[in-house]
Amino acid sequence: MKVETFETPQDAAKALAGEVAELIRTRAAEGRNVVLGLATGATPLPFYAELVRLHKEEGLSFANVISFNLDEYSGLDHDHPESYWYFMHTNLFNHIDMKPENINLPSGTVKGDEIAAHCAAYEQKIKDCGGIDLQILGIGRTGHIGFNEPADDFPELTHLVDLAPQTLAANARYFDEPDTMPRQAITVGLGVLMRAKRILLLLSGSGKAEITERLLCGRIVPQVPATILRLHPDVTAVIDEDALQLVRAHAPNLIP
Ligand code: GLP
């Protein structure tokens, strides 16, 4: 895993958006699509704001972009303000020129027996589009990526997951009535992420200092799902100084 450090989340967002913009433009010049894997949460917000700025001020077109989001809460429909569908449209898709048919998220309303087929179809659609060219990832305090929570094994396939208590506590702040927060979500499996051609993992803020240390300095274990990314051939962890503080204090020679 390559590590790039930045003073602030805004500096990191600019660098990331610059890489994404270059990929989109290169592919557009070749007449080809780009498949992006996208994440929710507070961490990627400055990155999405920078993509919107590049579209509005510098004419970056997203007409050749196909996106697949990592996850969606189970039980929330599109219009729910805490659904990830709503989050992505409010923070990114409504402000750029992506074609609606190129936007993909797992369904929050598929139920019961239909869930397994929905998960398999989501993975198949990613494969049919040629796989993910560039995956943007954040990380949960449990070390989850997407909603792949700590477990005894690394979950390979897209699936319905019970959210960990720490995740419920961390994300409840986004819900007006925290009791209404879904306890389950559909998430792409780690197999989807490990097949992405390139991954950018964003870690920002002091709230991520502990998990940043476990990610970089701990063992590769399914109890910290993001550690599997260290086995991926092309992943860059993009980390700001607040998130790096414990690594700088305990293992400064492990980072640039
Ligand atoms: C959610 C998402 C993750 C995201 C995590 C961290 O749980 N499923 O994909 O990485 O939140 O969110 P934040 O960036 O707000 O800390």
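Thr-142 touches a varied set of residues in this predicted model. Leaving out residues up to four places away in sequence, its partners are Glu-149, Pro-150, Ala-164, Gln-166, Thr-167, Ile-211, Gln-223, Val-224 and Pro-225. You will find Thr-142 in the loop between β6 and β7. Buried or exposed, how does Thr-142 count? Its relative accessibility is 5%, and under 20% means buried, so Thr-142 counts as buried. If you want a distance to orient yourself, Thr-142 and Tyr-174 are 32 residues apart in sequence, with 18 Å between their C-alpha atoms.

**Helices α7 and α8**

One of the partners of Thr-142 is Ile-211, and Ile-211 is among the buried residues of helix α7 (residues 209-217). The others there are Ala-209, Thr-212, Glu-213, Leu-215 and Leu-216. What do the buried residues of α7 pack against? Their partners are β1 (2-6), β9, β10 and α8 (241-250).

Helix α8 has its own buried residues, namely Ala-243, Leu-244 and Val-247. These cover an arc of only 80 degrees around the axis, so they sit on the same side of α8. As general background, an α-helix has 3.6 residues a turn, so residues three or four places apart point the same way. The cover over the buried residues of α8 includes β1, β9, α7 and β10.

**An aromatic cluster**

Next, the rings. Seven aromatic pairs turn up in a search of the whole structure. Two of them are set out here.

| Pair | Distance between ring centres | Angle between planes | Arrangement |
|---|---|---|---|
| Tyr-73 and Phe-147 | 5.6 Å | 50 degrees | tilted |
| Tyr-84 and Phe-87 | 6.5 Å | 70 degrees | edge-to-face |

Why is the pair of Tyr-73 and Phe-147 called tilted? The planes of Tyr-73 and Phe-147 meet at 50 degrees, and stacked needs under 30 while edge-to-face needs over 60, so the pair is tilted. This pair links distant parts of the chain: Tyr-73 belongs to strand β4 (residues 71-73), whereas Phe-147 lies in the loop between β6 (134-137) and β7 (159-162), 74 residues apart. Tyr-73 is buried, with a relative accessibility of 2%. Phe-147 is also buried, and its relative accessible area is 2%.

The planes of Tyr-84 and Phe-87 are at 70 degrees, so that pair is edge-to-face. Both residues belong to helix α3 (residues 84-91), where they are three residues apart and thus separated by about one helical turn. Tyr-84 counts as buried at 9% relative accessibility, and Phe-87 counts as buried at 17%.

Which residues form one aromatic cluster? They are Tyr-73, Tyr-84, Phe-87, Phe-147 and Phe-175.

**A pocket and a cavity**

The largest pocket holds about 590 Å³ of space. Of the 37 residues that line this pocket, Thr-40, Gly-41, Ala-42, Asn-171 and Tyr-174 are the closest to its centre. Two elements met in the aromatic cluster come back here: β4, α3 and α5 (165-171) each supply at least two residues of the lining of the largest pocket. The largest share of that lining, five residues, comes from α3. By class, the lining of the largest pocket has 15 nonpolar, 17 polar and five charged residues.

How many cavities of 30 Å³ or more does a search of the whole structure find? The search finds three, and the largest cavity has a volume of about 90 Å³. This largest cavity is lined by 14 residues, and the closest to its centre are Pro-9, Ala-12, Thr-43, Leu-202 and Ser-204. At least two lining residues each come from α1 (9-29), α2 (45-58), β9 (198-203) and β10 (235-240). Helix α1 gives the largest share of the lining of the largest cavity, four residues. The classes in that lining are eleven nonpolar, two polar and one charged.

**Ser-67**

One last stop is Ser-67, which has its place in strand β3 (residues 65-69). Ser-67 counts as buried, at 0% relative accessibility. Apart from neighbours within four places in sequence, Ser-67 is in contact with Leu-36, Leu-38, Phe-93, Met-98, Asn-102, Ile-103 and Asn-104.

Notes:
Residues are numbered from 1 along each chain as its sequence is written. This is a predicted model: local features need pLDDT of at least 70, side-chain atom pairs count only at pLDDT 80 or more; totals for chains, interfaces and linings use all residues. Side-chain values use heavy atoms; hydrogens and water are left out. On a 1 Å grid over the protein atoms alone, a cavity is a set of points where a 1.4 Å probe fits but cannot get out, and a pocket is an open set with protein on both sides within 12 Å along at least five of seven lines; lining residues have an atom within 4 Å of a point. Grid points are joined across faces, edges and corners, and a volume is the space filled by probe spheres set on the points. Ala, Val, Leu, Ile, Met, Phe, Trp, Tyr, Cys and Pro count as nonpolar, Asp, Glu, Lys and Arg as charged, and the others, Gly among them, as polar. Rings of Phe, Tyr and Trp (its six-membered ring) pair if their centres lie within 6.5 Å; planes under 30 degrees apart count as stacked, over 60 as edge-to-face and the rest as tilted. Buried means under 20% relative accessible area, exposed over 50%, partly exposed in between (1.4 Å probe, protein chains only). Contact means heavy atoms within 4.5 Å. The arc is that of the directions from the helix axis to the C-beta atoms.
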